[in-house]
Amino acid sequence: MISLKPKKGHLLIAEPSTIGDLSFNRSVVLLADHNTEGAVGFILNKPLGFTIQDLIPEVSGEFKIYNGGPVEQDNLYFIHNIPELIPNSIEISNGIYWGGDFESTKELINKGKIKKNNIRFFLGYTGWEAHQLEDELEDDSWIVAENSYQNKIIGKSSASFWKEKIMELGGEYLIWSNAPENPTLN
């Protein structure tokens, strides 16, 4: 079901048939970049069991860390909606920005000027080589959707995000909204 062409700022919703892939089963990915050379995104709904303070003790915030994807999982990335506070940010779309000056970011967190609905941290990212994402779309691995939340997606709850997006799709997808993550365990 390819209805939209993927572009920066769109969401990729894993098809319900994506079973057994630990990274992408029931994932919702924000596309941070998409061009002729490939695509980059961050999985929005896979929180890990620790916070930014666990990784960087000098940061005094309890911001959750998310699994951004299987590429470069030893690197920390972030998206945010406060470019006026974080210099050198790159706009993704609709008021969502990627990266920026990390020293400034740490200082702003410590001063309480950045809130949980302003920023989201990821270990790793999701990446596709040229034409790889298009091939996966043709294989019905992903559904492309508009980001109707715009920059408020950063504060969006992650626990049921995939289910919410599947229910929004309606039709043939509704049956999957209450299916167990691994149907063989049903």
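This short talk describes two nonpolar cores and a few individual residues of one protein structure.

Good morning. The structure before you is a predicted model, and I shall begin with its interior.

Which residues of the largest nonpolar core touch the most other members? That core holds 36 residues, and the ones in question are Leu12, Leu44, Ile79, Trp128, Leu133, Trp142 and Ile153. Several elements contribute at least two residues each to this core: the strands β1 (11-14), β2 (28-35), β3 (38-43), β6 (71-80), β9 (119-129) and β10 (142-145), together with the helices α3 (132-138) and α4 (161-169). Strand β2 gives the most, namely five residues.

Let us look at one of these core residues, Trp128. Setting aside neighbours within four places in sequence, Trp128 is in contact with Leu12, Leu133 and Trp142, which were named a moment ago, and also with Val29, Leu31, Glu37, Gly38, Ala39, Val40, Gly41 and Glu136. Apart from the largest core lies another one, of 14 residues, including Leu108, Ile119, Phe121 and Leu123.

I now turn to strand β4, which spans residues 47-51 and contains Thr51. Phe50 lies in strand β4 as well. Is Thr51 buried or exposed? Thr51 has a relative accessible area of 14%, and because the cut-off for buried is under 20%, Thr51 counts as buried. For Phe50 the relative accessible area is 26%, so this residue is classed as partly exposed.

What do these two residues touch, if we do not count residues up to four places away in sequence? For Thr51, the list is Gly61, Glu62, Phe63, Lys64 and Ile65. For Phe50, it is Leu55, Phe63, Lys64, Ile65 and Leu123. Leu123 is also one of the residues of the 14-residue core. In addition, Phe50 and Tyr66 are 16 residues apart in sequence, with 8.7 Å between their C-alpha atoms.

My last example is Glu146, which is placed in the loop between β10 and α4. Its relative accessibility is 47%, and Glu146 therefore counts as partly exposed. How many residues separate Glu146 and Lys7 in sequence? They are 139 residues apart in sequence, while in space the C-alpha to C-alpha distance is 9.5 Å. Leaving aside neighbours within four places in sequence, Glu146 is in contact with Leu4, His10, Leu11 and Lys165.

I suggest that you now locate Trp128, Thr51, Phe50 and Glu146 in the structure above. Thank you for your attention.

How values were computed: Residues are numbered from 1 along each chain as its sequence is written. This is a predicted model: local features need pLDDT of at least 70, side-chain atom pairs count only at pLDDT 80 or more; totals for chains, interfaces and linings use all residues. Side-chain values use heavy atoms; hydrogens and water are left out. Helices (H or I, at least four residues) and strands (E, at least two) are DSSP runs, numbered from the N terminus. Buried means under 20% relative accessible area, exposed over 50%, partly exposed in between (1.4 Å probe, protein chains only). Contact means heavy atoms within 4.5 Å. A nonpolar core is a set of buried Ala, Val, Leu, Ile, Met, Phe, Trp, Tyr and Cys residues joined through side-chain atoms within 4.5 Å.
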